[in-house]
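Welcome! Please take a look at the model shown here, and then try the short exercises below it.

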Amino acid sequence: MAVALTAGLLAGCSPVPTPSPTAAAAPTVLPSPVPSIPPSPQPTLTPSLTPTAELTWPTVFEPAGCQPPPEDYTRVELGSWVINRRTQAMLEHAARLYGGEIDLAGAAVTQGSYHDNGAASFGTHLGGGAVDLSVIRLPEWVVLWDEIGPALRALRAAGFAAWLRDYGELSPDSPIHIHAVAVGDAELSAAAEAQLTGEAGYFRGYDGLPAQFGAPRPDRFGGPVVCAWMRAKGYEDLRPPEARALPTALPDLTPGQTLTYTVEPGDTLPAVAARFGTQAEAVARRNGLTRVDTLAVGKVLEIVVGE
Ligand SMILES: [Zn+2]
């Protein structure tokens, strides 16, 4: 049972775009396939494509959905919990990016910040920026497995190191929930900061659990989402270079197949392109993108597999 549920969750965490049958059946753009993408973009492949000769190609790509939070540490109440306004603004932004059933900025919060719950949270909630979120629909007590991946992606793009803590993962009777730490919160506890940049930290590609759980365990939900505002605060992707490689192409794709992909929080253009075995330049050209350093959440891209 638990294995099946976990497998379902992992599948949910890897966004698998559904090819649009209509888009595949009726492509509106018919460029001649090119075997490889020349390093200098050609301005015109077909008359309908936007010239990209003036496109400046960045070395850093801003993940979709990034937005710097206000540095406001006024404490506010959320239900029976206390958080700061910065964390509140980040939760509200995550809720907008996510748009699903879990009430990220409201009823889902099951532990706030500035709170001592003893050993259960290893001190991570003692300072600002830490929240726990329920992934259970009440009153039926149904785990919203399909919602967890989208909620985590939105929380990460909004600036949280966020992980699912499964049943019994922290202690024999610990409940399933999302634990989230606001990156760059000036009032983080030392234990929460360690979950960001410490040995088992989010920015190192791990799940944040302290040393008592053994060697650092890989983050099951993809690597860190690193926004420009985080870099300005000194945070970087601290994973080894091999762990930062672009994703490999999804299986069962047919070269030349045209499909559409809706941009999700945390996506970057090179990572989206790699998932379809194509190049960021090709996707930019096909979709007439004038800005390639950032993508808007919800933008629909037309992609030709292997282009
Ligand atoms: Zn927690």
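The exercises below go from the whole chain to one sheet, and the model they deal with is predicted.

**Exercise 1.** Find which residues call for caution in reading the model.

*Solution.* Start with the whole protein chain: its pLDDT averages 86, and 82% of the residues score at least 70. Next, look at residues 1–49, where pLDDT stays under 50. The model has 54 contacts beyond four places in sequence for this stretch. Where pLDDT is low, the predicted coordinates should not be read in detail.

**Exercise 2.** Describe the protein chain as a whole, beginning with its helices and strands.

*Solution.* The secondary structure comes to eight helices and ten strands. Of the 307 residues, 38% are buried. Now take the contacts with a separation of 6 or more: 64% of them link residues 24 or more positions apart.

**Exercise 3.** Work out the strand order in the open sheet of four strands, and say which strands stand at the edges.

*Solution.* The order is β3-β4-β8-β7, with antiparallel pairing. β3 (109–111) and β7 (160–165) each have a single partner strand, so one side of each lacks a neighbour in the sheet and they stand at the edges. On average, neighbouring strands here are turned by 30° against each other, direction ignored.

Then focus on β4 (residues 130–133) and β8 (residues 177–182), joined by four bridges. Within this pair, Val-131 is opposite Ala-180 in β8.

**Exercise 4.** Identify what lies across β7 and β8.

*Solution.* Helix α4 (residues 145–157) does, running at about 160° to β7. Helix α5 (residues 190–197) lies across β4, β7 and β8, at about 95° to β8.

Methods:
Residues are numbered from 1 along each chain as its sequence is written. This is a predicted model: local features need pLDDT of at least 70, side-chain atom pairs count only at pLDDT 80 or more; totals for chains, interfaces and linings use all residues. Helices (H or I, at least four residues) and strands (E, at least two) are DSSP runs, numbered from the N terminus. A residue is buried if 20 or more other C-beta atoms lie within 10 Å of its own, exposed if 12 or fewer, and partly exposed in between; C-beta atoms are placed from the backbone. Two residues are in contact if their C-beta atoms, placed from the backbone, lie within 7 Å. pLDDT is the predictor's confidence in each residue, from 0 to 100. Two strands pair if DSSP finds at least two bridges between them. Axes are lines fitted to C-alpha atoms, for helices over the stretch in contact, and angles run from 0 to 180 degrees between N-to-C directions.
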